[in-house]
Amino acid sequence: MPNSRPRPRHGPRSGAGAAGRDELVSRSLQSAEHCLSARDFGTAYAHYLLVLSLAPELKDDVKETFQYTLFRWAEELDALSRTQDLLGCYEQAMELFPDDEVICNSMGEHLFRMGFRDEAAGYFRKAVKLNPDFSDAKENFYRVANWLVERWHFIMLNDTKRNTIYNAAIQKAVCLGSKSVLDIGAGTGILSMFAKKAGAHSVYACELSKTMFELACDVVAANKMEAGIQLLHMKSLDIEIPKHIPERVSLVVTETVDAGLFGEGIVESLIHAWEHLLLQPKTKGENGNCEKYGKVIPASAVIFGMAVECAEIRRHHRVGIKDVAGICLPTNVKFQSPAYSSVDAEETVEPYTTEKMSRVPGGYLALTECFEIMTVDFNNLQELKSLATKKPDKIGIPVTKEGVLDAIVVWFELQLDDEHSLSTSPSEETCWEQAVYPVHDLADYWIKPEDQVMMEVSCQDCYLRIQSISVFSSDHEMDVGTSFTKSKDLLSLGNEAELCSALANLQTSTPDSAEQICVLESTEIALLNNVPYHEGFKMAMRKVLSSLTPEKLGQAMDTQCQNNEINCGSGQNDSEPFYVLDVSEGFSVLPIIAGALGQVKPYSSVEKDQHRITLDLISEANHFPKETLEFWLRHVEDESAVLQRPKSDKLWSIIILDVIEPSGLIQQEIMEKAAISRCLLQSGGKIFPQYVLMFGLLVESQTLVEESAVQGAERTLGFNIAPFINQFQVPIRVFLDLSSLPCIPLSQPVELLRLDLMTPYLNTSNREVKVRICKSGQVTAIPFWYHMYLDDEIMLDTSSEASHWKQAAVVLDHPFRVEMGDELVLHVQHHKSNVSITVKQ
C-alpha cells in the first residue's frame, strides 16, 4: 500500500465553493488513510468514492491506493457472502476506471469463483485487450476459455469431411422441400448457415451457452446472414410456439451427440421437438411436398462395440497391484473409477470415459469382432420414447482372440439420410473420440476363443449403459436352470444366445458388508498403479529420516520394512516422532508409507470422507496403531493455513507438495506454497520434490495445430468462422500423450527451466535456451514435461510409461520453417507458476 498521500491539484477556480470542495476532498483523503491504518476497508472505500466523485482529476494519484482498498474490501464482502455489495463496489470502480486492467481482471476472478463463467470471461478478455502483456489476466482467460469453448469445437470445424457430409444432407433436404429449419445446439451456427445457403426460407437456431450464442451472432453477422437466421439463447426444450418461433418447422438439424451418442441429450430434445416443434412425419408410402412434413437430420444411428485389451485403459481404471511400496492394499477395499456403472447406483456422471483409440499409448488389441449394440431411429417418436423405459438387452459376444479383457469400446454411425453417413469408428480418420466402458469386478480378466463376453445394454436416463459385463468360459460347466426370459433383441446366436441370456440373469453373490467402495479419478488410479513413484518417495523419505537420527533409525527401519509389522513406539519412546505432511492433491497413500518408516506422525490432507475411511482401513490392515495417521484438514479451520505447524512448538520433517497437475501444467501458487513450507521445516527437513527440471523439444505436428485453432475458411466450406472462434484459442494444449502424439521431432530435448523448492535463489524468472535443429521441417509446437527430483539421486519422469501425469505443449501462433543445423533461442518466462515459451528467431 502506498504511504504518500496525494495532494489535491489546485486549478483556476472561483469562489468559496471551490475552496469548500477542496477542504472536503482533503478531509476525506485524511479519513480514508486513517481508516486504512485501522483496517476499516469499507469506510476507506466510501471515502475514496467521495474523493473521486468530487475531484476526478486525482484519479492517477489515488489509483494504486484505491485498488488496494477495493481488493481488501471485496475480500471481506466475499467472506461475508455479501455478493450484491461486492458486485456493486466493482461496478462503481469500473465506472471510475473503465480502462484499468487490474480492476477488470479482479472483477473476473470474483465472478468466476461465484460460477459466472461467461461473465468472468468477458472481463478477462477485456483486461487482456487493455494490456496484452498482463500475464495474470492472460492466464485467467486461457483457463476460462477451456470451460467456455471446448476444444472439440476447433477439431470438428477443421474436419472438412464432416462439414461436407452435413452440408450435402442439409442441402438435399432443403432442395426436396424442407424450407423451415430449426438448428438445435447451434454452436457457431455452421449448420444453420448450411441451411440458409441451401435456400431455406426460415432458419431458427438455439444455443444454451451464452458465450457460444454470442459467438454465433458474430459469425452469422460476418457472413451476412443475420436477416435470415434467428438465433435464440435458450434450450430447445424451452422453445414455445408462437412465442419464440411462429410455427412448426419441417426440418430439425442437430449434432448434439457425444462419444456415447446420447450424452448431450439428443433423445430428450428430439422427443420434445417431435411433440412441440416439428411437423408430423411423413408416413411410409405417402407422397407429397416435404414442406408439409417433419424430419430430422441425422435420421438414425447404429451403435457398435468391441471388447479390447488395452494396458493404458487398464492402469487408469483398475488397481492392478496388491502392495504399494510395502503397504498392503486390503481385500475389503474396492477401488472404482467414475466410469464404473453399477446397476443399482444412482449415477449422475457419464457411465463411460472417452479415448481416441487410434492414439492410445501402447495401442490396443481387439478381442472380439465388431458387434452391433443398438439402432435408433431419430424420426420415430415412439422409438425415442421407449429407449429410456426399455428393459436392458442381454448380449453375448464370441471371443476371437486371447487376451486381457479391459474395456468395451463403443462408436456409432450417424445416418444423416438415406445417402449420407458419418462414422466415429477408431479405424476412421475422424474428429471423434470413442466411448470406453472399463471392465471391473471379474474374478479373471483373461479370456480366450470359445469364451463369450456377456453384457446388458440399456439407455437408462438417456445415457448408453453397458452393465453387468461378465465372461462365460467354455472351461466351466454351470447349471443355469431354466427360469429366464429370452430377449427379443438378442443377437442371433442360436441356442448359445439362450444360454448366455440365462447366465446373465443369474444373481451374483452379495458383497461383504464390510467392503469399502472407494471411487477414485482415473488419474488417481493410475497414480496408485505407479510403482516407481511410490518406491521413489519411500527411498527419499527414508534417507531424510535417517539423516535426522542416523544412529537410532537405520536398524529399526530395516527390520520393520522386512516384517511389514509397524510399531511406532518400538524402542523409541524417549523421543518425539517426526512430523510428515502430505498436501498432494487427491487420494494419496504416501502418509501411510511414511508411517511405516519408524517413529513418524504422518498427516494426510485428503478431503473426501470415503478416502479417509479407505486410508484408515489400509492403516488397519498394515497394523498401524489407530492414532498414527491424522487427517490434517480436520484440524485446520482455514484451508489456506494447511501448511501450519502440527503443534505450536513443532516443525515438519517432510512436506510433500504437488508441483505438477495431472494435465501437465505447473500447479498454481506452488512457489508461494514452497516459500511457506521452507519456514515450517525443522533443521535438515525437506520439501518433496526438492526441485523440478522442465524439458521440451521442437516438433512439427499438424494434429496440435488443428486441435488448437480453426485453419481458415476452406475447412468450414467458405464460411467465415475462424477469426471469431480463434479468439478463444489457448496457446497451451494439455492432457497430451507424447508417446502417441502424431508429430516429428525437430530437435533433441533441452532443459527449459528449473524450479527449486528448497533453494529458491537458484530459480530465474527469465531464461534464454539455445536449441539446435536436428531435422528440417515446420516448427508448430513445443511439447514439455518434467523431471521431479526428490533428491539429487531419485528422479521421477512425468513422461515415462508408468507416469500418471500427462504432458502439455505450447502451440505456436505462427509456425515457421527450420533447416537442419539451425540454432534457435527459446525465451522461457516463469511468473506465478505460469510458464510462457516464445521463439526468438
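The following exercises, each with a worked solution, concern the predicted model shown above.

Residues are numbered from 1 along each chain as its sequence is written, and side-chain values use heavy atoms, with hydrogens and water left out. Because the model is predicted, local features need pLDDT of at least 70 and side-chain atom pairs count only at pLDDT 80 or more, while totals for chains, interfaces and linings use all residues.

**Exercise 1. State the secondary structure content of the protein chain and its share of buried residues.**

Step 1. Helices (H or I, at least four residues) and strands (E, at least two) are taken as DSSP runs, numbered from the N terminus. The protein chain has 23 helices and 37 strands.

Step 2. Buried means under 20% relative accessible area, exposed over 50%, and partly exposed in between (1.4 Å probe, protein chains only). Of the 841 residues in the protein chain, 51% are buried.

Step 3. Contact means heavy atoms within 4.5 Å. Among contacts between residues at least 6 apart in sequence, 75% join residues at least 24 apart.

**Exercise 2. Determine how the buried residues of helices H6 and H21 are arranged around each axis, and what packs against them.**

Step 1. In H6 (residues 117–130), the buried residues are Ala120, Ala121, Phe124, Ala127 and Val128. They lie on the same side of H6, because they cover an arc of only 125 degrees around the axis; the arc is that of the directions from the helix axis to the C-beta atoms.

Step 2. An α-helix has 3.6 residues a turn, so residues three or four places apart point the same way.

Step 3. The cover over the buried residues of H6 includes helix H5 (101–113) and helix H7 (135–148).

Step 4. In H21 (residues 670–679), Ile670, Met671, Ala674 and Ser677 are buried. Their arc is within 115 degrees, so they line one face of H21.

Step 5. Strands S25 (652–656), S26 (681–688), S31 (750–756) and S36 (823–831) pack against the buried residues of H21.

**Exercise 3. Describe the largest nonpolar core, and examine Leu261 and Met455 within it.**

Step 1. A nonpolar core is a set of buried Ala, Val, Leu, Ile, Met, Phe, Trp, Tyr and Cys residues joined through side-chain atoms within 4.5 Å. The largest has 146 residues, and those with the most contacts inside it include Leu261 and Met455. A second, separate core has 88 residues, among them Cys518 and Val771.

Step 2. Leu261 lies in the loop between strand S4 (251–254) and helix H12 (266–276). Leu261 is buried, at 0% relative accessibility, and has a positive phi of about 70 degrees although it is not a glycine.

Step 3. Leaving aside neighbours within four places in sequence, the contacts of Met455 include Phe371, Ile408 and Ser468.

Step 4. Ser468 belongs to strand S20 (residues 465–472). Ser468 is partly exposed, with a relative accessible area of 38%, and also has a positive phi, of about 50 degrees, although it is not a glycine.

**Exercise 4. Locate the cis peptide bonds that precede Pro298 and Pro689.**

Step 1. The bond from Ile297 to Pro298 is cis, with omega near 10 degrees. Pro298 is in the loop between strand S5 (295–297) and strand S6 (300–309).

Step 2. Phe688 and Pro689 are joined by a cis peptide bond with omega of about -5 degrees. Pro689 lies in the loop between S26 and strand S27 (691–696).

Terms used
The expected span of a helix is 1.5 Å times one less than its number of residues.
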